[in-house]
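Please walk me through this structure. I would like an explanation that moves from one part to the next.

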Amino acid sequence: MMNIPIITNIFRSRERARLRRMMRGFRLLKQSGQLAKISNIKEALTNTVIEQCQDRLSQHIFGAGTGMGEQVIRQYLLLRIGGTSLNKSILLYEGKANASSKLIHPMPREWQTKLEEHGIRVAKFRSSLLWKCYVLLLIAYGLTTFFKHIYTNFLAVIKLERVEPDSKHAYFLSISKGNLPNRNKAGKSYDILSWYYERMGSGSAINNLYHGVISVSDSTLIDGVGIKYRSSPIPPISDLSSLLFVIWGLKAIGLSFLDFLRGRWWHAFILHEATLAAMVRLQKPEKLAQDYLFNNSNWFYRPLWTYDAEKLGARILFYFYSTNVEQFRRSDGNKGVTYGWQAASWPHYLVWDNYQVSFLRNEVGSRAQVSVVGTIWFNSNDKELPPLPANTIAVFDVQPIRDSLFQALGADSEYYTPHTTNQFLIDIYEVLAESNFNLALKCKRNIGKLLHPKYEKLVGEMSSSLNLVLIEPEVSASHVIENCCAVISIPFTSTALLGKDQNKPSIYYDPNGFIQKNKTDAHGVELLSGKDELRQWLKTLTLSKHESAINIGFDVKHDI
């Protein structure tokens, strides 16, 4: 791509100015004690009913989801325009240079009204204009999806890309290569597919496990169960029903566009999703999966097509790969806001324990089925651990990201920042060294340049220590825990529960006493605060024989 220095510098200058204004907005919210403002707004939007679309939903568009149509629209709004982009728009508004500034963001009038109720002046004309332009783009997206599926259906009809009936399969959505089976030397893999088959699928005559991870060869799990790639959870239509799909699409496109011209934007807004739902509706039931598995990477939007899949006999399962999904109670007694759940409509949740059941019942009510299935594996890798002494304790933190990125998340507290995570590591390192323990530190993932430089500097200096081993992020947390004598986790990551599951002593450690000690929030795991409590806990562990002197190797007086 051509690089014109003057134009490039102008864009970079404007982006830096936006970033400074955003960060100023965050500082002003913090200084005025209003860090929860963004979370409160998003919770209000979660519960804001789109009244103008009620009783005006086309069954031709929404199919089996018509009865939940307004809720589907609300969920899709949160997904499309209620994420980080909205957070940034609010921060830009809060960092305004003068009192006449207004927030500009593409959104329907119900959302504009709700933001004004929270004290935000909205540029209604410009926001409405942007909203109409955005919906037009979604019409184009829907058209692209429609014609793409006409093409794949045609290939299936002429048998160039045929998908044979296979009702005894499960399909896993929103996963990556690290979530596929990858056995270590001990023959163990802690991935979600292996977990599903061992815990849920082995007795249900499942033949194949499908996924959408590209560039991965097909393989076999156990008992001849295939692990196969399929680009879409919805197979192409390979019979005359493909003509019905074309007829459906032409009518849906015309209806969506005409309604858009009349100010009824919701059919055009959901056209892409409606196209996928129509593909399922016209599908032979035996071609659909027995189970479709979604995870908490996206908790509030249930795809429209899943309502039709469920009607045709498929199970829609929502599993948690982590327990760190809710806000914690702070030491002052206040609890953060967890938005989105009140609008969720998943029919069946798979959870770790009864504490998670209580959380879900409080958020979504009693309408959904909730099954306690124990710890749920997610990631696996065949990378081997370095040799670890018997007196090694596994330590799991949450890596802090750069300030500008963290502030754009709209968090209502500053917990996962270097102020906490650096002190977390320093305290644990010092206390373990005093008691002649080794420390195996595993970061959650490799986030590259997103990593906060203060944290990166500290870990870099600690890496030269004799009693600290850095574990590569790709290594399974369960594999690390297997080879350690105890577990220390930052609140409230799920590694503490993985430790309990393996009968290892396991605690949460809060270095600054920011979090209120609460059994429910901690899922029954003990929460310690301060080095004295950490020392007392270490005394309860059974020590292995090891050398009495360990060289600390770096200066722990660090800027956090």
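Asn436 has a relative accessible area of 15%, which is under the 20% limit, so this residue counts as buried. In this predicted model, Asn436 belongs to the loop between helix H15 (418-434) and strand S10 (438-442). The phi angle of Asn436 is positive, near 60°, although the residue is not glycine.

Asp55 is another residue other than glycine with a positive phi, here about 65°. The loop that holds Asp55 runs between H2 and helix H3 (59-62). Is Asp55 buried or exposed? Its relative accessibility is 82%, so Asp55 counts as exposed.

Two glycines with positive phi follow helices. Gly33 comes after H1 and has a phi near 70°. Gly119 stands just after H6, and its phi is about 80°.

Helix H1 itself covers residues 5-31, which makes 27 residues. How far apart should its ends be, at 1.5 Å a residue? The expected span is 39 Å, and the end C-alpha atoms are 38 Å apart, so the two values agree. The buried residues in H1 include Met22, Gly25, Phe26 and Leu29. An α-helix has 3.6 residues a turn, so residues three or four places apart point the same way. The cover over the buried residues of H1 includes helix H2 (37-46), helix H5 (84-94) and helix H14 (403-407).

Lys96 brings H1 back into view. This residue is in the loop between H5 and helix H6 (109-117). With a relative accessible area of 22%, Lys96 is partly exposed. Apart from its neighbours within four places in sequence, Lys96 is in contact with Arg21, Arg24 and Ser101. Lys96 and Arg24 are 72 residues apart along the chain, yet their C-alpha atoms are separated by 8.5 Å.

After that loop comes H6. Which residues of H6 are buried? They are Glu110, Trp111, Gln112, Lys114 and Leu115. Among the elements that cover these residues are H2, helix H4 (69-81), H5 and helix H7 (124-157).

The next topic is aromatic rings. A pair of aromatic rings is described by the distance of the centres and the angle of the planes. A search of the whole structure gives 37 aromatic pairs. In one of them, Tyr190 and Trp377, the ring centres are 5.3 Å apart and the planes meet at 80°, so this pair is edge-to-face. Tyr190 is in the loop between strand S1 (169-172) and helix H8 (192-201), while Trp377 is in the loop between strand S8 (369-372) and strand S9 (392-396). The two residues are 187 residues apart, and the pair links distant parts of the chain. Both Tyr190 and Trp377 are buried. Trp377 has a further partner: Arg199 lies over the face of its ring, at 5.6 Å from the ring centre.

A second pair is formed by Tyr319 and Phe378, with 6.3 Å from centre to centre and 55° between the planes. This pair is tilted. Tyr319 lies in strand S6 (residues 315-319) and Phe378 in the loop between S8 and S9, so the pair ties together parts that are 59 residues apart in sequence. The relative accessibility of Tyr319 is 0%, so Tyr319 counts as buried. Phe378 is also buried, with a relative accessible area of 13%.

Aromatic residues also form a cluster, and its members include Tyr292, Phe294, Trp299, Phe300 and Trp305. Phe318, Phe320, Tyr339, Trp341, Trp346, Tyr349 and Phe359 belong to that cluster too. Another charge over a ring is found at Tyr307, where the charged end of Arg302 sits 3.8 Å from the ring centre.

The last stop is a cavity. The structure holds 2 cavities of 30 Å³ or more. The largest has about 40 Å³ of space. Which residues line the largest cavity? The lining consists of Thr323, Asn324, Val325, Glu326, Gln327, Phe328, Phe492 and Asp521. Phe492, one of these residues, is in the loop between strand S12 (486-489) and helix H18 (495-501). The peptide bond from Pro491 to Phe492 is cis, and its omega is near -15°.

Methods: Residues numbered from 1 in each chain as written. Predicted model: local features only at pLDDT ≥ 70, side-chain atom pairs only at ≥ 80, totals over all residues. Heavy atoms only, no water. Phe/Tyr/Trp six-rings, centres within 6.5 Å; stacked < 30°, edge-to-face > 60°. Helix = DSSP H or I, 4+ residues; strand = E, 2+ residues; numbered from the N terminus. Buried < 20%, exposed > 50% of the residue type's maximum accessible area, 1.4 Å probe, protein only. Lys NZ or Arg CZ within 6 Å of the ring centre and 35° of its normal. Expected span 1.5 Å × (residues − 1). Contact = heavy atoms within 4.5 Å. 1 Å grid on protein atoms, 1.4 Å probe; cavity = no way out; pocket = protein on both sides within 12 Å on 5 of 7 lines; lining within 4 Å. Points joined across faces, edges and corners; volume = space filled by probe spheres on them.
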